[in-house]
Amino acid sequence: MTEVEAFLLREARLLDEQRYEDWLGLFSDDAIYWIPTRANQVTVQEALSIIYEPRNLLAVRVERLSRREMHVQSPPSRTVHHVSAIEVDGDEARSALIVAEWRGGESRFFAGRVTHKLRKEANGLRIVLKRVDLIDGEAPHRAIAVPL
Amino acid sequence: MRNQGIASERDNGYGARGLQEGEDSPMTQREPERPQDCAQLGIHALGEAVEEVRGRAADDIGLFRFRLTRTDGVRNNMHMHTVADPVVRGNAIHRAAYIDPAVFALEQERIFRRAWLYVGHESEVPQPGDHVLTRIGPDEVILVRREDGGLSLLHNRCAHRGARVVSEPSGNTRQLRCPYHAWSYRLDGSLIGVPLADGYASDCKLPGLAAVPRVESYKGFVFASHSATGPSLADFLGGLRSAFDNLVDRAPAGTLTRFGGSLRLEYRGNWKMFLENAVDLVHPGFVHKSSVDAIRAHPAALQADAITQQGAQMFLANGMRATQWDEVPLHAFPGGHVYMGGFYKQGVIAAEREDPVFERYRKALVERHGEEKAAAVLSVDRFNNIIWPNVSVNARFGAMRIVRPLAVDHTVVDVVCFKLDGAPPEMHDLTLQFVNLAASPASLVASDDLEIFERCQRGLANPGNEWIDMRRGVLGDRRQVDGSVISKGTSELPMRHQFETWQKWMFA
């Protein structure tokens with residue numbers, strides 16, 4: 001297994017284990033976490049996004065996930081982030097993602113392609129951009145609380 | 001409650017007899033005063049005698065009386081309440097308004113097949129032949145720009161065998177052609193021809209695509225009504241035409257362009273909850289506490305670039321004290337429309353801020369309107385403008401939400417936004433990101449609202465307190481000379497007002 005593959009699998013596991021602070025630690029200071037609505041969207045200025053957050057807003061998202069008053073995670077979800085079909089091309093990794101989520105007696109699934117832009121920093125690999133292109137980004141979604 | 005779980009005499013309406021007995025009323029349990037007195041206190045007392053409403057509504061008994069089951073299949077005692085029983089009494093609402101499929105069916109017929117409903121923006125179909133798929137109430141329709149420049153709204157259902165004629169969300173065409181047997185139609189829906197026409201008698205008149213009878217545009221915002229008669233769109237919008245006026249006035253070129261697609265939210269709850277919540281100024285401190293606390297713990301975003309800052313300040317603003325929320329005005333207009341004043345005073349779109357982008361924008365606006373009017377346009381400080389029955393407009397942030405009821409316990413909300421034509425492009429980026437952060441299904445704010453709607457829906461399925469009290473702040477309601485009513489921010493005026501209007505459409 002390559003370093004990048006191991007990194008992506010660990011990232012997925014941190015989300016499933018609800019270790020959100022550790023997950024945030026994988027992002028560089030200038031990172032962007034992006035879930036566009038539109039397939040083949042090139043720039044964020046083209047269309048609305050389900051999430052478009054620079055690191056300092058992502059930190060707020062992660063902080064909220066630790067709060068008891070976050071109603072949409074009370075009780076919390078259980079998830080499996082299934083990452084496969086990893087291809088590495090220079091500083092970019094592409095993969096397929098399926099997230100199964102169970103909460104409040106109901107299950108649902110997200111599916112999409114993920115692009116990671118990575119950078120080698122002093123303390124290891126860091127995510128500069130994580131972009132999740134859902135197959136149904138334009139469809140109606142119920143509240144999304146756990147990062148994909 | 002006496003009749004728990006058992007359908008017995010139908011005396012749970014709100015005739016005087018029922019009220020004086022009142023064991024099932026949370027209001028009479030807590031308050032010495034009788035609900036009739038509440039109705040007198042409330043500016044939103046019913047406009048007509050209770051008995052009259054009841055008498056007329058009784059026509060529905062035969063049509064809409066059936067037993068209710070909860071979604072999990074367990075029968076509850078809702079079957080005691082039929083649509084024939086009044087659902088609104090004074091300033092209380094029976095839970096049936098949110099959970100009874102018969103009420104929902106009646107809403108579709110009496111509100112969504114009669115009212116003016118938003119169907120799209122003219123900028124989505126600028127050229128002849130341009131068309132988009134949209135919805136009016138439960139029906140899928142095609143909004144088309146005709147060759148004569150007018151707009152048609154056609155049911156997306158071939159007049160032959162019923163196939164959807166258009167399946168792409170948008171496009172341009174000279175004629176609409178059904179993929180099944182190739183019946184083809186002009187842009188006004190009239191039939192051009194059918195293959196194998198000699199299979200029909202020569203005097204056989206074949207239909208075209210059914211058109212929605214009334215389509216009107218107010219400053220580019222296109223509404224339609226299934227009802228061939230009734231008030232004009234401008235009259236229907238009434239006091240809240242101002243929301244659209246202000247949005248258009250904010251564009252230096254005087255026009256708007258819809259852009260950015262849409263964000264779509266879904267929740268397993270009643271459609272009315274969304275619009276009540278959009279002007280409920282008590283909930284933010286509780287529902288959004290986690291995002292307020294989170295931004296307080298990580299204030300770096302408040303000092304970041306303009307786009308980030310704007311969102312971060314929006315999170316923070318939900319943390320105001322009750323006394324501050326009270327200062328945010330609520331204003332209810334005849335017709336069911338309501339707006340809440342602004343509460344989010346920071347950020348680039350706020351006129352107070354000195355910002356190079358905003359300054360360029362302001363100059364462009366001054367060129368159009370002159371200093372005085374430009375200042376007046378920018379000073380209109382409102383957050384949500386609710387256009388009865390299902391639209392929320394945020395003029396300051398160029399955003400609009402359309403609430404689409406799918407079932408009594410299932411709702412989709414489409415969030416769209418507009419470019420202020422003639423404004424610096426950076427303003428459009430601000431609009432997009434504001435909407436992303438405030439209104440996406442993954443928003444730190446909106447996601448908790450969606451959760452609360454689903455909790456309300458599940459909770460309301462339980463019997464117990466049958467009536468939902470909406471009297472908070474009723475003593476502070478102040479009627480204005482134009483017939484509108486104002487109240488302080490923490491009042492439940494918007495809910496009382498929306499239900500007063502709802503009752504008129506449903507039962508008057």
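This briefing goes through a structure with chains A and B, from overall make-up to single residues. The model is a predicted one. Chain B has 508 residues, of which 48% count as buried, and its secondary structure consists of 18 helices and 22 strands. Chain A contributes an open sheet of six strands, and the two chains touch through 40 residues of chain B and 31 residues of chain A.

**Chain B and its domains**

- Among the contacts in chain B with a separation of 6 or more, 63% join residues that are 24 or more positions apart.
- The domain assignment splits out domain 1, residues 133-225, and domain 2, residues 240-461, in chain B.
- Between the C-alpha centres of domain 1 and domain 2 of chain B there is a distance of 35 Å.
- Five residues from domain 1 of chain B and seven residues from domain 2 of chain B take part in the contact between these domains.
- On the domain 1 side of that contact in chain B, two residues are nonpolar, one is polar and two are charged.

**The largest nonpolar core**

- The largest nonpolar core is made of 169 residues.
- Within this core, the residues with the most contacts are B:Leu117, B:Val119, B:Leu143, B:Leu153 and B:Val435.
- Helix H16 of chain B, residues 425-439, is the element that gives the most to the core, and its share is eight residues.
- Both domain 1 and domain 2 of chain B are represented in this core, each with at least three residues.
- B:Leu153 shows how one core residue is surrounded: leaving aside neighbours within four places in sequence, its contacts are B:Val119, B:Ile136, B:Val141, B:Leu143, B:Ala211, B:Val212, B:Val215 and B:Ala224.

**Where chain A meets chain B**

- The side of chain B that touches chain A divides into 21 nonpolar, 12 polar and seven charged residues.
- Elements of chain B that give two or more residues to this side are strand E13 (256-267), H11, H12, strand E19 (410-420), H16 and helix H17 (446-460).
- Strand E13 of chain B gives the most to this side, with eight residues.
- Helix H3 of chain A, residues 55-65, is mostly covered, with 10 of its 11 residues buried.
- The buried residues of H3(A) include A:Leu57, A:Leu58, A:Val60 and A:Leu65, and also A:Arg55, A:Arg61, A:Glu63 and A:Arg64.
- The cover over the buried residues of H3(A) includes parts of both chains: helix H2 (20-24), strand E1 (27-36) and strand E2 (49-54) of chain A, and helix H11 (289-297) and helix H12 (306-317) of chain B.

**The sheet of chain A**

- Strands of a sheet pair through backbone hydrogen bonds, in a parallel or an antiparallel way.
- The strand order in the open sheet of chain A is E2-E1-E6-E5-E4-E3, and the pairing is mixed.
- E2 and strand E3 (78-89) of chain A are the edge strands; each has a single partner strand, so one side of each has no neighbour in the sheet.
- On average, neighbouring strands of this sheet are turned by 20° against each other, with direction ignored.
- E3(A) pairs with strand E4 of chain A, residues 92-103, in the antiparallel sense over 10 bridges.
- A:Val80 has A:Ala100 of E4(A) opposite it.

**Strands E14, E15 and E16 of chain B**

- Strand E14 (residues 330-332) and strand E15 (residues 338-341) of chain B are antiparallel partners joined by three bridges.
- B:Leu330 stands opposite B:Met340 in E15(B).
- The hairpin of E14(B) and E15(B) has five residues between its strands, and B:Gly335 there has a positive phi near 105°.
- E15(B) also runs antiparallel to strand E16 of chain B, residues 382-387, with three bridges between them.
- B:Gly341 has B:Arg382 in E16(B) as its bridge partner.

**A loop residue, B:Lys488**

- B:Lys488 lies in the loop between strand E22 (485-487) and helix H18 (493-507) of chain B.
- B:Lys488 counts as partly exposed because 18 other C-beta atoms lie within 10 Å, whereas a buried residue needs 20 or more.
- Leaving aside neighbours within four places in sequence, B:Lys488 is in contact with B:Asp326, B:Gly473 and B:Gly476.
- B:Gly476 is 12 residues from B:Lys488 along the chain, and their C-alpha atoms are 7.0 Å apart.

Definitions and conventions
Residues are numbered from 1 along each chain as its sequence is written. Chains are lettered from A and ligands numbered from 1 in the order in which they are written. This is a predicted model: local features need pLDDT of at least 70, side-chain atom pairs count only at pLDDT 80 or more; totals for chains, interfaces and linings use all residues. A nonpolar core is a set of buried Ala, Val, Leu, Ile, Met, Phe, Trp, Tyr and Cys residues joined through C-beta atoms within 7 Å. A residue is buried if 20 or more other C-beta atoms lie within 10 Å of its own, exposed if 12 or fewer, and partly exposed in between; C-beta atoms are placed from the backbone. Helices (H or I, at least four residues) and strands (E, at least two) are DSSP runs, numbered from the N terminus. Domain bounds come from an automatic or database domain assignment. Ala, Val, Leu, Ile, Met, Phe, Trp, Tyr, Cys and Pro count as nonpolar, Asp, Glu, Lys and Arg as charged, and the others, Gly among them, as polar. Two strands pair if DSSP finds at least two bridges between them. Axes are lines fitted to C-alpha atoms, for helices over the stretch in contact, and angles run from 0 to 180 degrees between N-to-C directions.
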